[in-house]
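Hello,

I am passing on to you the structure that we talked about, and below it you will find a short account of what was found in it. Please read the account with the structure open beside you.

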Amino acid sequence: MKNNRLLILLLIVSSFQIACGDPYAGFNIDVRKNAKLVSIGKDVYSKNCVTCHKAKGAGDPNWRKRDKEGFLRAPPLNGDAHTWHHSAKWLIKTIRDGSVADAKGIKGKMPAWKNSLSDQQVIAVVAYIQSLWSEEIFQRWLKIDARG
Ligand code: HEC
């Protein structure tokens, strides 16, 4: 009985921590379940991202290899590659600012979207991307995101 009460208390405390937190909170609470946001994001995706990242975020089939000019190709966003290894903050920044060269100076041609998409559209497209992830990937991502 006592143990049960402790468990319930822990659950309340941890859901409270998820609800509060950093400025992107309200974002990392399960946005995938916000159907309206996901549908705005799906629309943004089909108008701006699908040419490179392909249907349902499947990515360029050769994304592991660089193109003829030595640029990175568009990776899958659907949970098959590394996208879920990044915090919401990083994903939002990458979409807003575009490609950033890695430590070896290698980059892709991901355009910057900050002048053509609103903050809400960027958040919505991240929600859409997350709606493509499995439950397991999303749960693992939540822990990564909590580290900032
Ligand atoms: C012209 C092709 C192109 C378009 C259009 C494009 N991307 Fe990209 N995107 C890329 C490439 C190439 C990369 C990987 C290389 C890099 O980051 O420098 C990338 C990387 C990303 C990443 C980081 C993925 C990771 O796992 O590191 C995200 C997130 C992303 N794109 C989201 C979007 C969204 C959202 C849109 C539409 C609003 C979009 N992209 C439109 C080419 C594109």
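The ligand is a good place to begin, and there are 24 residues around it, of which C49, C52, S99, G108 and M110 come nearest. Two elements, α3 (50-53) and α4 (88-97), are the ones that give two or more residues to this shell. If you sort the residues of the shell around the ligand by character, you will count 13 nonpolar, eight polar and three charged.

Please keep in mind while you look that this is a predicted model, and that confidence varies along the protein chain. The average pLDDT of the protein chain is 83, and 80% of the residues score at least 70. Confidence is highest in α3, with a mean of 97, and lowest in helix α1 (residues 2-19), where the mean is 46. Over residues 9-25 the pLDDT stays under 50, and for this stretch the model has seven contacts beyond four places in sequence.

The other findings concern how helices pack, and two packed helices are described by the angle between their axes and the distance between the axes.

How do α4 and helix α5 (residues 119-131) pack? Their axes lie 10 Å apart and the angle is about 120°, which means that α4 is oblique to α5, since this value falls outside the range of 65 to 115 degrees that counts as roughly perpendicular and is not over 145. The crossing of these two helices, α4 and α5, is right-handed. On the α4 side the contact is made by A88, L91, I92, I95 and R96, and on the α5 side by V122, I123, V125 and V126. Eight residues of this contact of α4 with α5 are nonpolar, none is polar and one is charged.

Helix α2 (residues 35-48) also packs with α5, at an angle of about 95° and with the axes 7 Å apart, so α2 is roughly perpendicular to α5. Among the residues that meet here are L37, V38 and Y45 in α2, and A124, V125 and Y128 in α5. The contact of α2 with α5 divides into nine nonpolar residues, three polar and one charged.

Best wishes

Key: Residues are numbered from 1 along each chain as its sequence is written. This is a predicted model: local features need pLDDT of at least 70, side-chain atom pairs count only at pLDDT 80 or more; totals for chains, interfaces and linings use all residues. A residue is near a molecule or strand if its C-beta atom, placed from the backbone, lies within 6 Å of it. Helices (H or I, at least four residues) and strands (E, at least two) are DSSP runs, numbered from the N terminus. Ala, Val, Leu, Ile, Met, Phe, Trp, Tyr, Cys and Pro count as nonpolar, Asp, Glu, Lys and Arg as charged, and the others, Gly among them, as polar. pLDDT is the predictor's confidence in each residue, from 0 to 100. Two residues are in contact if their C-beta atoms, placed from the backbone, lie within 7 Å. Axes are lines fitted to C-alpha atoms, for helices over the stretch in contact, and angles run from 0 to 180 degrees between N-to-C directions. Angles under 35 degrees count as roughly parallel, over 145 as roughly antiparallel, 65 to 115 as roughly perpendicular and the rest as oblique. A crossing is left-handed if the near helix is turned anticlockwise from the far one by less than a right angle, and right-handed if clockwise.
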